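Okay, thanks for coming, everyone. I'll put the structure up and then walk through two surfaces.

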There are 2 protein chains.
Amino acid sequence: MGSPVSIRDVATRAKVSVGTVSNVLNRPEVVAPATRDRVMGAIEELGFVRNDAARQLRSGTPRAIGLVVLDVGNPFFTDVARGVEDTASEAGHAVILCNSDGSSQRESRHVELLAEQRVHGVLITPVDTDLAAVRRLRDRGMSVVLLDHPTADPGLCAVAVDDRAGGEQAVTHLLAEGYERIVMVNGPSHVHQARQRHEGAVDAVRKSGRDSGVLEELKVPALNVVSGQRAAEQLLARSVRPDAVFCANDLLALGLLQVLVRAGVRVPEDIAIVGYDDIDFAAAAAVPLTSVRQPRQLIGRTAAELVIAETMTPGEHEHQHVLFAPELVVRESSRRVQRSRRRPR
Amino acid sequence: MGSPVSIRDVATRAKVSVGTVSNVLNRPEVVAPATRDRVMGAIEELGFVRNDAARQLRSGTPRAIGLVVLDVGNPFFTDVARGVEDTASEAGHAVILCNSDGSSQRESRHVELLAEQRVHGVLITPVDTDLAAVRRLRDRGMSVVLLDHPTADPGLCAVAVDDRAGGEQAVTHLLAEGYERIVMVNGPSHVHQARQRHEGAVDAVRKSGRDSGVLEELKVPALNVVSGQRAAEQLLARSVRPDAVFCANDLLALGLLQVLVRAGVRVPEDIAIVGYDDIDFAAAAAVPLTSVRQPRQLIGRTAAELVIAETMTPGEHEHQHVLFAPELVVRESSRRVQRSRRRPR
DNA sequence: GGCCTGCGTTAAATCGTTTCACCCCCGACC
DNA sequence: GGTCGGGGGTGAAACGATTTAACGCAGGCC
């Protein structure tokens, strides 16, 4: 019935010592087939389940990794989480998912909890750029991988995507398609992704030899759907509208697109749109969205692999800064060609 | 430096016994203020962090709860997860998030892991209706709460939303608006939510006194965006199209809406659409989507509270089956009134 | 002055595993 | 025939906290 069936109960049941049971569990090859079967039988009959707490206490090897994300509501992060989860569970690790929701208070509470759990390592998208919480973790001997947050600190692993290159790709594409009044709807500049993507956009203009006036930055308070809607309203109110908009992420782009379409603006004929992240909803929008794809699951997988590798070979581990390349996915929202639209019937 | 600073190190440092340190941590009121401060100081200086494994081993009280969801990619589940996470972290519990992805193999692997972790309890959206995995957990003395999966089993807690009522609301609304050729795009019938929502839809037709022919069921293999797109293509190919579509969830509705809009079908003038779940993207769609709202975060919070309560008062706990009422949110995609649409300029 | 009472503290037992040193038996080898 | 070696086991220590019984000490009471 109750769970309190310990390795000792199994031992008595199988008429062996606890050491032998432990061996069956961890090094089956060293125990004679006959006894092994007996022990396995006892385990089965009693419904024995290892107690991981005791295990970890003795062996010192935890079986969980922590993941702290900025916003579980953003599909970008859920995809990263999925990648982490896949890799971790293949390695037999549990994933403890925490949502900091952009609050450093919540972040530190979660980090504290993870420290007490003595997790294998922590994957974190830090709220603050000062990385105070991250350093605290590392000082306690925990391995940490920064997610989507580049750093120069050689004492940390990091997995990120080249945001500057992504911004450049997006705007280069728009320029090549012939758009000449581009607005970048961007998040607050304390968000490093926002800053980087904008710098890339500026690079693109410079490299193309155009006047820097072809690109304008419109800042919004957050990288979400609502902010995108607000931005669209602002643009609609202008006497001279842009012919293309580059949004710092897809949530912004979706909000923007919705309001524009409802106002009768044709996309891309009147205004082209490019998003960022290429979340699944981007392809399913009213007008399929051109977007800069980040290898989301791969980011998660890689980060998980790094943190697992680091704790496998403590000491000799080389901290790595992995930087993936983004990839522009061109869809209908930014094609210059006039397309004949099907009409009902 | 390294993390291996134990309660014993703190004790020597503060010149007290380990018992006293433990008291400072757990029952601060019984220890004299002077010593308490001394101990706290030592903890601070040494950067001591409790080892939860040892704690749990001795006290038998775990500090984590498990959450197994069907699909982390679905915003519905991430919102539920957020609710769980909020409540759990207020109670000082960690949440171990697992994604079964609809595979019972993955599900049982995760359940096994959670059992070894001796989690406080498990919140699970079961893959199979036979609940084999769930029963195994309970037999091991673990408290379980079923999420979004009604059950008659009095030995389990369950938190769900009345899907039948939701289906009825949706179709009653469509009928009231005057739609008379309704197609319900539904998931496979082994998914109980799909079945229930359809039954509710049938109820609505019956109660309205209409002919049962006004409602047709179109089954698709999965409750996701792609299936919605496929369904739309099928409907477009028909010579006689429905005047309204009720989708078993919002992902289907978004896929459907996208394809219809691109084909030039006007929503709701030509075809009205009602979705289910009211995920945030529903309100931000090309045409804001009427949808049946489920209290997603509340589901998560309630489930977490139940599982925590159950383990606080073992034995005397009354298993509860909480059933929330869904709420229809009417937006533009299903309004009968002809609306004048704004045109640019 | 002995004794009881409380308070603060200590020492030891305990939780369920893993690990390691050691034991026993039996065949092989010199 | 004694010793070596090794396969197959055993048993106890250790992990780091919690918990509880016991203990020392100061003050108050009779």
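So, by class, which residues does the surface near DNA strand D have? It has nine nonpolar, nine polar and six charged residues. For the classes, Ala, Val, Leu, Ile, Met, Phe, Trp, Tyr, Cys and Pro count as nonpolar, Asp, Glu, Lys and Arg as charged, and the others, Gly among them, as polar.

Quick housekeeping. This is a predicted model, where local features need pLDDT of at least 70, side-chain atom pairs count only at pLDDT 80 or more, and totals for chains, interfaces and linings use all residues. Residues are numbered from 1 along each chain as its sequence is written, chains are lettered from A and ligands numbered from 1 in the order in which they are written, and side-chain values use heavy atoms, with hydrogens and water left out.

Back to the DNA. Strand D is surrounded by 24 residues, and A:T20, A:T35, A:R58, B:S6 and B:I7 are the closest; "near" here is a heavy atom within 4 Å. Of the strand D atoms that come within 4 Å of the protein, 64% belong to sugar and phosphate.

Where do those residues sit? Helix 2 (18-26) and helix 4 (52-59) of chain A, plus helix 1 (7-14), helix 2 (18-26) and helix 4 (52-59) of chain B, each supply at least two. Helices are DSSP runs of H or I, at least four residues, numbered from the N terminus, and strands are runs of E, at least two. Helix 4 of chain B gives the largest share, four residues.

Now some individual atoms. A:T35 puts a polar side-chain atom 2.7 Å from a phosphate oxygen of strand D, and B:S22 has a side-chain N or O atom 3.1 Å from a phosphate oxygen. A:R58 goes to a base instead: a polar side-chain atom lies 2.9 Å from a base nitrogen.

Next, chain against chain. How many residues does each chain bring to the contact? It's 65 from chain A and 64 from chain B, with contact meaning heavy atoms within 4.5 Å. The buried area is about 5,600 Å², 49% of it from carbon and sulfur atoms; that's accessible area (1.4 Å probe) lost on putting the two parts together, summed over both. On the chain A side, A:E116, A:R262 and A:F281 lose the most area to chain B, together 11% of what that side buries.

Finally, there are 12 salt bridges between the chains, each a side-chain nitrogen of Lys or Arg within 4 Å of a carboxyl oxygen of Asp or Glu. One of them joins B:R262 and A:E332, N to O at 2.4 Å.

Notes. A polar contact is a pair of N or O atoms within 3.5 Å; within protein, one must be able to donate a hydrogen and the other to accept it, and residues adjacent in sequence count only if both atoms are side-chain atoms.
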